[in-house]
Structure formats: structure tokens, C-alpha cells
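I opened the model today to look up a few residues and one pocket. My notes follow in the order I took them.

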Amino acid sequence: MLHSIKPKGRTIFLYLLVPVAMFVFTVFVPLMTAFVYSFFEWKGGPQKTFTGLNNYIALFTDKTFWEAFSHNIYLVIVCIVGQIGIAFILVMMVNSKLVKLKGMHRTFGFFPSTISAVCIGLIWNMIYHNQYGIINWFLKTIGRADLCKVWLNETSMVMLLVAIPLIWQFIGYYMVIILSAISSIDTEVFESAEIDGANGVQKAWYITLPLIKNTMLVCTTLCIAGNMKAFDNIFVMTKGGPGTASMVMAMYGYQVSFSQSNMGYGSCISVGIFVLSLLVIGGSQGVIKFFTREKEA
């Protein structure tokens, strides 16, 4: 095979061989293995019992799984607005002529993205803590101790509370991506807009955003993919509780696989997460492109 390839092509092929092999081994092999195991009743030992589509039939009627899916969708929506939206606003502010020490702002903005997700969960777990958490401390300081709560036990608020650390952690990540896209825009475009009397909001909405729409589409895809498999922060903070109020799909798959020792059904859940993630990502890209074309038309 290598002899039939030109020298330059052979060099490229050899350079790509190792990373492609690693990608296949770490992504496709586990995925195909999980797909095979999803057709079995398997407790983790050497014995497996073939059950056909029983696991998938059970998955379609599993209320906990679909509740977890709705929580993932909630995270996706909140984090698209919170992570990408706030990142775009901060980038516009940092790029303003009125802001000094731009490099420092960019560095400190990206800093939370370098911290482990487990550490992020522990930090925010302490912030929400009912005895020594900063939120309850602040409420007591201003004389509103009646508002103090065991925050992560609030069923109606817990999904928002676990989403806030995710937003805080990745704002800087998307700031870097958006900054790199904006830096490629010719400054004469903004100067012409300023001459025509455009203010900062108008430049951001009518000039910057349309010119970096492809980058924003990439950011949206990354945000959806990341939040459809959210696990670390939630595992540390709530473990899916109280009850199933903060249960997400990856957490549910983990509990079924390891806490209940039901590896076959856990593999089925993993396949379900993969398929639903592809559907949500594909659907979101289709919607964004549709509205973009409508606006251009």
C-alpha cells in the first residue's frame, strides 16, 4: 500500500497513522464495544446473556433516563446563553479602547478553564455549603438569615446551581476562541462604522457577530457536546440528587453500570447518549444555518 503512494503522500500518511490509530482505539473501539454489550444482560463478570433489543426497549420507557435527558437539554440552553453569550460580551468589553491591561484580562479570564472539573465542583460545593458557604455567610451579614438555605437540596433550583459553575469555568475558554476570530477582522471595518456613527452595541451586533458566525457555530457545537456529557461537576456536587433532580445522562449511566452492576444496560445508556448528542448537535446546526440564511436573504 505504501509503495503505491507518492513520497510526499507517504510521509503525510505515516505522520497521520499514529494519531488516527490512537483516535480509533480510544473512541471507536470503546463505542463499538459498548454497542455490542448493549445487547446483553451483563453484571460485569465473565457471564453474559444475550437479550436482543430488551435493553433498548427498556431505555425508551425509562422515565429517569428521559428526565436526565431533559436536564442535559436545560444545561445546553443555559450554558449556550451563559458561556458563549457572556464570553462574547466580555470580548467586546476587553477589545474596547477604554479598557487597559487587555493581556491581563485575557489571562485571568481563561484561568478557570485550566482548573480540574472536580476542583471546580469542590470549590462551588463550599460556596453553596449551608454552614460555612459564602452565600449563607453574606445573607447573615446583611441581616437576611431567613433566606439561608441548604442550596443544593433545593429541588427547584439545583439544576441552575450546578449550571453556574459550568458557566463560570468555560467563559474564558470561549473568550479565547472568539478573540482569535475577531482578531482576523480588518480594523478598517470598525473604523468605517465609527465614522458612520455606529456605537459599540451596533458594531457588535451588525458587524462583529455576522463576520464570526462560523466561529460562533463552532462554539455552539462544542458547548452542546460538552454539556450533553456533563458529569464531573455534578458528581462532586450532588451525585444527581436530591432524588433525581440534577440527574444527567452520564451520571445515570455511571450509576446503572457501577452502583447497580448492570453493565449491559449501562452500555445501552451510553449508546443512547451518543445518538441523542448527535441528534441535538445536528438539529442545532440546522436551525442556526436556517435562521442565518433567512437573515441574509
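**Entry 1: Ala58**

I started with the accessibility of Ala58. Its relative accessible area is 34%, so Ala58 is partly exposed: the value falls between the 20% and 50% cut-offs. I place Ala58 in helix H2, which covers residues 54-60. I then took its distance to Gln202. The two C-alpha atoms are 52 Å apart in space, and the residues are 144 apart in sequence. I note here that this is a predicted model.

**Entry 2: the whole chain**

I stepped back to the overall layout. I find 13 helices and two strands in the chain. Along the principal axes, the C-alpha atoms fill a box of roughly 75 × 75 × 35 Å. The chain has 297 residues, and 36% of them count as buried. I also checked how far apart in sequence the contacting residues are. Among contacts with a separation of 6 or more, 67% are between residues 24 or more positions apart.

**Entry 3: Asn72**

Is Asn72 buried or exposed? I get a relative accessible area of 0%, so Asn72 is buried, since the limit is under 20%. Asn72 sits in helix H3, residues 63-94. What does the side chain of Asn72 reach? I find the backbone oxygen of Asn227 at 2.8 Å. I then listed its contacts, leaving aside neighbours within four places in sequence. Asn72 is in contact with Asn227, Met228, Lys229, Ala230, Val248 and Met249. Asn227 therefore turns up in both searches: as a residue in contact with Asn72, and as the owner of the backbone oxygen that the buried Asn72 side chain reaches.

**Entry 4: the second largest pocket**

I looked up the second largest pocket next. Its volume is about 680 Å³. I count 27 lining residues. Nearest the centre lie Leu31, Ser270, Val271, Ile273 and Phe274. Which elements give two or more residues to the lining? They are helix H1 (7-37), helix H10 (213-228), helix H12 (249-259) and helix H13 (263-296). H13 gives the most, with eleven residues. I sorted the lining by residue type. It divides into 20 nonpolar, six polar and one charged.

**Entry 5: cysteines**

How many disulfides does the structure hold? I find zero. I checked Cys219 in particular. The nearest cysteine sulfur belongs to Cys223 and is 8.8 Å away, and Cys219 is in no disulfide. A pair would need sulfur atoms within 2.5 Å, so the 8.8 Å between the Cys219 and Cys223 sulfurs does not qualify. Cys219 is buried, with a relative accessible area of 0%. I looked at Cys268 as well. Cys268 is buried, and its relative accessible area is 0%.

**Entry 6: the loops on either side of H12**

I went through the backbone of the loop between H11 and H12. Which peptide bond is cis? I find the one from Gly241 to Pro242, with omega near -5°. Pro242 lies in the loop between helix H11 (232-237) and H12. Lys239 has its place in the loop between H11 and H12 too. Lys239 is not a glycine, yet its phi is positive, about 55°. At 48% relative accessibility, Lys239 is below the 50% cut-off, so I log Lys239 as partly exposed.

I moved on to the loop between H12 and H13, where I find Ser261. Ser261 has a positive phi of about 55° and is not a glycine either. Its relative accessibility is 31%, so Ser261 counts as partly exposed.

**Entry 7: Phe258 and Gly109**

Phe258 is in helix H12. Its relative accessibility is 53%, which is over the 50% limit, so Phe258 counts as exposed. I took its distance to Lys43. The residues are 215 apart along the chain, and their C-alpha atoms are separated by 9.2 Å.

I finished with Gly109, in helix H4, residues 102-110. At 21% relative accessibility, Gly109 misses the under 20% limit for buried, so I log Gly109 as partly exposed. Gly109 and Leu90 are 19 residues apart in sequence. From C-alpha to C-alpha, Gly109 and Leu90 are 9.1 Å apart in space.

Notes: Residues are numbered from 1 along each chain as its sequence is written. This is a predicted model: local features need pLDDT of at least 70, side-chain atom pairs count only at pLDDT 80 or more; totals for chains, interfaces and linings use all residues. Side-chain values use heavy atoms; hydrogens and water are left out. Helices (H or I, at least four residues) and strands (E, at least two) are DSSP runs, numbered from the N terminus. Buried means under 20% relative accessible area, exposed over 50%, partly exposed in between (1.4 Å probe, protein chains only). A polar contact is a pair of N or O atoms within 3.5 Å; within protein, one must be able to donate a hydrogen and the other to accept it, and residues adjacent in sequence count only if both atoms are side-chain atoms. Contact means heavy atoms within 4.5 Å. On a 1 Å grid over the protein atoms alone, a cavity is a set of points where a 1.4 Å probe fits but cannot get out, and a pocket is an open set with protein on both sides within 12 Å along at least five of seven lines; lining residues have an atom within 4 Å of a point. Grid points are joined across faces, edges and corners, and a volume is the space filled by probe spheres set on the points. Ala, Val, Leu, Ile, Met, Phe, Trp, Tyr, Cys and Pro count as nonpolar, Asp, Glu, Lys and Arg as charged, and the others, Gly among them, as polar.
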